[in-house]
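Reader: Please present the structure, and be prepared to justify the terms applied to it.

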Amino acid sequence: LKQCAPPEIDPEIRKRQITQLSEDIRQMDYLPRQSFIGQIMTQLSFISGWIWLAQAGILFLIYFYVFQDNSINVNLMLFCLSPGLSLILTFELSKSFRADIWEMEAACRYNLAQILFFRLSILFGGDFLVLGGALVGWRMADGKLWQFCLYALLPFFLTSSLSLYVLRRAGSRYNSSLLAAVPITAGIFNFFFIPFTNEIFLRSNAGSVSGAVSCMTLLALALLIYNARKLCTAAYYLNEQSAAL
């Protein structure tokens with residue numbers, strides 16, 4: 001090796017090659033930018049299949065009792081609908097923390113907040129399809145729209161909003177019991193309290209009842225959107241409150 005002298009480097013050639021390589025690197029596109037639909041389709045493949053089976057099962061039971069003209073069981077299924085959907089939503093969103101891969105996802109092409117946004121878009125899309133199907137079944141059973149808002153929409157918006165708030169505040173300090181307790185407690189409250197509320201509303205003026213329930217439902221929806229936005233923009237995942245991403 002001592003007898004083999006290293007070749008002399010021509011500064012001009014070296015400079016020209018570095019320039020050419022730098023230009024080639026700038027022209028390369030290792031990760032082409034995806035459209036929003038493409039990003040959703042990519043994240044869709046990571047959603048657990050049992051999510052869709054559980055939602056379809058809830059909807060199937062509602063229609064099963066609708067066609068049997070069993071209004072009591074239809075009401076019961078509506079009581080279970082909102083906490084059930086919230087429990088499914090929370091369980092799927094928290095799997096990054098549950099599997100201890102949130103730090104890895106935070107360093108991926110799309111950071112953790114973006115991944116949560118895509119998952120929320122997919123899961124909320126599925127939830128609103130289920131709620132839309134449940135509304136059709138409820139109307140087939142001659143149920144009133146304000147009652148559906150009281151039985152299903154209002155509890156779903158409030159329970160999901162509270163679940164997202166708890167998930168955002170817990171972050172990497174994942175606690176499955178705490179997250180599961182929110183929709184379960186809401187389901188118990190829904191089952192025992194809302195029938196009495198329904199009786200009170202039935203004794204009131206129909207127009208004022210419909211307007212009051214509609215306003216409460218819209219306020220609950222706004223609260224859900226706020227908490228969903230905060231989950232996707234605020235970084236609480238390092239056990240500390242940091243600035244928005």
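Author: The following exchange takes the descriptive terms one by one and sets each against its criterion. The model is predicted.

Reader: What makes up the chain in terms of helices and strands?

Author: The chain holds 10 helices and zero strands. Read along the sequence, the pattern is accordingly α-α-α-α-α-α-α-α-α-α.

Reader: Why is R119 called buried?

Author: The relative accessible area of R119 is 4%. Buried means under 20%, so R119, at 4%, is buried. R119 belongs to helix α7, which spans residues 112–140.

Reader: How far apart are R119 and L44 in sequence and in space?

Author: R119 and L44 are separated by 75 residues in sequence, while their C-alpha atoms are 7.7 Å apart in space.

Reader: Why is F36 called partly exposed?

Author: F36 has a relative accessible area of 42%. Partly exposed covers the range between the buried cut-off of 20% and the exposed cut-off of 50%, and 42% lies in that range, so F36 is partly exposed. F36 is located in helix α2.

Reader: What makes F36 eligible for a surface patch, and which residues form the nonpolar patch?

Author: Patch residues need over 30% relative accessible area, and F36 has 42%. The nonpolar patch consists of F36, I37, M41, L44, W52 and F117, and its area is about 570 Å². Helix α2, residues 36–44, contributes the most to this patch, with four residues.

Reader: Which residues have the most contacts inside the largest nonpolar core?

Author: That core has 50 residues, and those with the most contacts inside it are I62, L78, L81, L93, L120, F124 and L164. The elements that supply two or more residues to the core are α3 (49–67), α4 (71–93), α7, α8 (145–170), α9 (176–202) and α10 (206–233). Helix α8 gives the most, with 13 residues.

Reader: Which residues does L120 touch?

Author: Leaving aside residues up to four places away in sequence, L120 touches L89, L93, G125, L164, A228, L231 and C232. A contact requires heavy atoms within 4.5 Å.

Reader: What share of the contacts in the chain with a separation of 6 or more joins residues 24 or more positions apart?

Author: Such pairs account for 77% of those contacts.

Reader: How much of the chain is buried, and what area does the chain expose?

Author: Of the 245 residues in the chain, 39% are buried. The chain exposes about 14700 Å², of which carbon and sulfur atoms supply 65%.

Technical notes: Residues numbered from 1 in each chain as written. Predicted model: local features only at pLDDT ≥ 70, side-chain atom pairs only at ≥ 80, totals over all residues. Heavy atoms only, no water. Buried < 20%, exposed > 50% of the residue type's maximum accessible area, 1.4 Å probe, protein only. Patch = residues over 30% accessible without salt bridge, like charges linked within 9 Å, V, L, I, M, F, W, Y side chains within 5 Å. Areas by Shrake-Rupley, 256 points an atom, 1.4 Å probe, with all protein chains shown as cover. Salt bridge = Lys/Arg side-chain N within 4 Å of Asp/Glu carboxyl O. Core = buried A, V, L, I, M, F, W, Y, C linked by side-chain atoms within 4.5 Å.
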